[in-house]
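I opened the model today to see how the ligand is held. My notes are below.

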Amino acid sequence: MHLDRASGHRRGGVGAGILDSRLTDAGLAPGPDGSLAMSGVPLASIAEDVGTPAFVYDAGTIRRRYAGLDAAFGELPHRICYAVKANANLAILRLLARLGAGADIVSGGEMLRALSAGFAPESIVFSGVGKSDDELLAAIMAGVGHINVESLAELRRVATLTDLHDQSVTLGIRINPDVTAETHPYISTGKGGLKFGVPRDQFAQALTVIDEVPRLRLGAIAMHLGSQLLQSGPYAAGTERLLALLEQARAAGHAPDVLDLGGGLGIRYNDEVPLEPIDWIAPLVDMLATSGCTIQVAPGRYLVGSAGVMLTRVVYCKHSGGRDIAIVDSGMNDLVRPALYKAWHEIIPVRPSDATPIRLDVVGPVCETGDFLALDREMAPVREGDLLAVLGAGAYGFAMSSNYNSRARAVEVLVEEGRWAVVRPRERLSDLFRDEVADPFAGEDS
Ligand code: LLP
């Protein structure tokens, strides 16, 4: 049995005793036959029924994490607005709405989903750098809680729309706090010069625009530093800047009553030491308590990331150029994170294996060299037909999946204390080109 030095994670298989926090976090444990089960449901039986690839989510994990985050605020008035982009399945949204969450959305599509899932319009925050007129108008008409503007240009656009349609709007200003957060550069958003947020030196100008439009009210000052953050320091630095701007807004006669710290709380994929909610919030409490504001956060990954696995089966094994390669039935179209960010996702056999670990490339069927789940990964050897669980697939998994290579998107399943249900069926291949027009100019030529 091999012990991974960094994580203390035993690599032999679940029967061999893998039970680190990533498994317990996901509601995973060996079932009666030793194979991996999620909240009492054997993953193998789900795969038998619905096929692979399949995304399987544990409702209990999401509830636990929501409750943990909620508790971390103690007496501080707060609201947790789930970042819908992480996993937008209606069943996940409904679950979080029932727990009392609000929703952080970034598109008209996400707004429709959030409203359909039962989020009250006033519990919805509309973020995003490039909202179209149609999206803004739909949000204004729906009466969303805050529209978080990210530029002076967007602010002026909202002002025009409110005038045109005689509607009042509560705004948030998402500022660019110019704080660097250590994470993959593609998901670091708080640094000056990036496309996100209103630069602090334009904040006063933004206040003036709002002053000139009676239908606009400044309700919130917001930031979002980035994603998969593991340290509290950047939040403290960002919060200080939010508070300074709160003072500035108050001095100019505005009365925002919400401070929005954004999302970004990281999870453990490999050997990261994630920030617990209490360690995230506690260092900020004194600062935040003096603000007199409701504290809003917009976590996505933290709530759903470790709650999901992607089940995939080994299609072929081959040996090439001295490397062992397992080709599985899920590709970068199903889970793009490894290809896009070189992200690590733990992969474990659903049925235990005590075989000596080898080094393996786990790759997908898509015709790109970047189509891999893991390269040179030390793990138990696999055989054709083996079922594998890819951990940490609850956030930005299905949500970022595509039909590349004309592959149908995977089925999604929700597990709830011994029960399970399909919450989105696998796409049908015929649906992929249902609306395409093969011969658009038929009959026009003589
Ligand atoms: N609020 C705003 C304005 C955001 O842009 C995001 C994420 C969140 C909240 C939620 O962040 P979270 O708590 O999930 O870290 N596709 C990448 C992650 C992109 C995050 C984009 N914005 C990944 O797979 O790692």
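**Ligand site**

I looked up the shell first: 18 residues surround the ligand, and the closest are Ser-227, Gly-264, Arg-337, Tyr-341 and Tyr-396. A residue counts as near if one of its heavy atoms lies within 4 Å of the ligand. I keep in mind that this is a predicted model, where local features need pLDDT of at least 70, side-chain atom pairs count only at pLDDT 80 or more, and totals for chains, interfaces and linings use all residues. Residues are numbered from 1 along each chain as its sequence is written, and side-chain values use heavy atoms, with hydrogens and water left out.

By class, I get 7 nonpolar, 6 polar and 5 charged residues in the shell; Gly counts as polar here and Tyr as nonpolar.

Next I checked polar contacts (a pair of N or O atoms within 3.5 Å). Gly-264 puts a backbone N or O atom 2.8 Å from a ligand oxygen, and Gly-300 does so at 2.9 Å. On the side-chain front, an N or O atom of Tyr-341 is 2.7 Å from a ligand nitrogen. The ligand alone exposes 580 Å², and the protein buries 91% of that (Shrake-Rupley method, 1.4 Å probe).

**Domains**

I then pulled the domain assignment, automatic or from a database: domain 1 is 16-58 + 307-432 and domain 2 is 73-301. Their centres, taken over C-alpha atoms, are 33 Å apart. The contact (heavy atoms within 4.5 Å) takes 19 residues from domain 1 and 15 residues from domain 2.

Why does the ligand lie between domain 1 and domain 2? Because both domains give residues to the shell around it.

Methods:
A polar contact is a pair of N or O atoms within 3.5 Å; within protein, one must be able to donate a hydrogen and the other to accept it, and residues adjacent in sequence count only if both atoms are side-chain atoms.
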